[in-house]
Amino acid sequence: MEKPLSMIPNETEPSLWKNKNIILLWSGSLISSFGYQFYIVALLLLIYHLTESPLAMSTMRAVEFVPNVILGVFAGIFVDRFNRKRIMTWMTIIQITVTASLVMMLIFKWIAIWQLFLFGFLLSSSSYTLGNAQHALVPTLVSKNFLTEVNARFSLISTLVNLIGPGMAGLILSLTTFHISFGLYGICLIALLCCIFSLSIESHEKKVKKTSLWDDFKEGWSELVLNKTLLPPTIAILFMNFASSLILGVYMFYAIDQLGTSESQVGILLSIGSIGGLVGAFFAPKIRKKIPRGRLFSYCILIDSIGMICMSIVPVWWLLGCCLLLRTLAVTITNIIYLSIRQEFTPNHLLGRVAGTSSMLMKLATPGALLLSGVLAGFLPIKLLFVIAGILMIIIYLFIRKQAIVHIR
């Protein structure tokens, strides 16, 4: 297991801003997240330029989703078996290599759609494994009292980048070319690699256990299933994702078709919703000091359900945006609390596997719910789907209120 060269901060540490390792991780996350926006905007437009096919574009998003579901457990085993800093290093090098190959193929005009699918899969797989390693590494760098704040800052970075990154990426692409946009992503990845290299962590290898992959999987699975603190919120988030996906697939159609939202208003609507994520990520550590984490987790599920049901009664697009703001606020805080609890209540040598297994479970409901929402919208009022999703969230709230997680401070 990695050991910081400096002492792990104790409970009375005044500020995380004095923790060099955490600052490096935050900085690397910020830079690479901006770079990813350059990549994803250019990638989708390049696919459209090559194929003019919505199926090809949606297939790419599915390709990027696959590693989370299929490779999640194996990535977790990998993270638990080997040194996490070194894993992060090699995963970043893989991303740099793939991006450089993509740039070269664009320069020499050797690019084909199947290559983009392959590159997308490799980048998504390495990025997911890097994220799993970082998640497992964080508890070795700070005391458990700071896990909520650390995860809140990561969430704040992600939300901020998602809010302003696509616009920046689109502007840069309009002024340059595809290979320059991908090249900027590569530069951001190099900056991330520098941050990882600078981490003050011993880089010795872990001793690989003489066990099979199946035994490792069973050990991680057993830890999750028998963990009475972690399993209930994992199950709750599985069904929360299902309920959210029922809405995700149709709410934009509802905004345009039934509320008469224009293209410019759609952008404002989405920006209003993103504000909730920023507020949630910024205030989660402060709220946590006033309300125990377990209760706050349950309250946010209830708030999310209210936002869903309110979506069925709003008469104008900007009120729909306010409902999204309420929902993203609740979802952001819920995710921050879940991540900190998973880090705190899982033995660190099992954290990669537990994180991979739980993430896989929580994402399983998403594709099916997206498909189901499209089918149901064909013969049910979309407003009714909002209500159904809201009622499902209330049931989840009642379930979680009876679990041990509500007593966690």
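# Close-up views of the model

**Figure 1. Asp-80 and Arg-84 pair up in a salt bridge.** Asp-80 counts as buried, with a relative accessibility of 8% (buried means under 20% relative accessible area, exposed over 50%, and partly exposed anything in between, using a 1.4 Å probe and protein chains only). Its partner Arg-84 is buried too, at 0%. The closest N and O atoms of the two are 2.9 Å apart, which fits the salt-bridge rule used here: a side-chain nitrogen of Lys or Arg within 4 Å of a carboxyl oxygen of Asp or Glu. As a general point, side chains of opposite charge can pair when their charged atoms come close.

A word on what you're looking at: this is a predicted model, so local features need pLDDT of at least 70 and side-chain atom pairs count only at pLDDT 80 or more, while totals for chains, interfaces and linings use all residues. Residues are numbered from 1 along each chain as its sequence is written, and side-chain values use heavy atoms, with hydrogens and water left out.

**Figure 2. Arg-353 and Glu-219 bridge two helices.** Here the closest N and O atoms are 2.9 Å apart. Arg-353 belongs to α13 (residues 351-376) and Glu-219 to α7 (residues 213-226), so this salt bridge ties together parts that are 134 residues apart in sequence. (Helices are DSSP runs of H or I with at least four residues, strands are E runs of at least two, and both are numbered from the N terminus.) The two ends sit in different surroundings: Arg-353 is buried at 2% relative accessibility, whereas Glu-219 is partly exposed at 32%.

**Figure 3. Arg-327 meets Asp-304 in another salt bridge.** The N to O distance is 2.5 Å. Arg-327 comes from α12 (residues 317-344) and Asp-304 from α11 (residues 293-310), and the pair, 23 residues apart, links distant parts of the chain. Both Arg-327 and Asp-304 are buried. Zooming out a bit, shared partners join Asp-80, Arg-81, Arg-84, Asp-216, Glu-219 and Arg-353 into one salt-bridge network. The structure holds 8 salt bridges.

**Figure 4. Tyr-36 and Tyr-39 make a tilted aromatic pair.** Their ring centres are 5.7 Å apart, with 45 degrees between the planes. For the rule: rings of Phe, Tyr and Trp (its six-membered ring) pair if their centres lie within 6.5 Å, and the planes count as stacked under 30 degrees apart, edge-to-face over 60 and tilted for the rest. Both tyrosines are in α1, 3 residues apart, or about one turn of the helix. Tyr-36 is partly exposed at 31%, but Tyr-39 is buried at 2%. Tyr-36 and Tyr-39 also belong to one aromatic cluster with Phe-182 and Tyr-185. The count for the structure is 7 aromatic pairs.

**Figure 5. Lys-286 lies over the face of Phe-282.** The distance to the ring centre is 4.4 Å. A charge sits over a ring if NZ of Lys or CZ of Arg is within 6 Å of the ring centre and within 35 degrees of the ring normal.

**Figure 6. This is a look into the largest nonpolar core.** A nonpolar core is a set of buried Ala, Val, Leu, Ile, Met, Phe, Trp, Tyr and Cys residues joined through side-chain atoms within 4.5 Å. This one has 55 residues, and Leu-25, Leu-43, Leu-116, Val-142, Val-150 and Phe-182 touch the most other members. The elements giving two or more residues are α1 (20-51), α2 (54-81), α3 (84-107), α4 (113-137), α5 (147-175) and α6 (178-197). The most come from α1, with 14 residues. A second, separate core has 54 residues, among them Tyr-251, Ala-281, Ile-341 and Ile-400.

**Figure 7. Val-138 sits in the loop between α4 and α5.** Despite the loop position, Val-138 counts as buried at 1% relative accessibility. Apart from residues up to four places away in sequence, Val-138 touches Leu-25, Leu-147, Val-150, Phe-154 and Gln-343 (contact means heavy atoms within 4.5 Å). Val-138 and Leu-25 are 113 residues apart in sequence, yet their C-alpha atoms are 9.0 Å apart.

**Figure 8. Here is the whole protein, for orientation.** There are 14 helices and 0 strands. The C-alpha atoms fill a box of roughly 60 × 60 × 40 Å along the principal axes. Of the 409 residues, 51% count as buried. Among contacts with a separation of 6 or more, 87% are between residues 24 or more positions apart.
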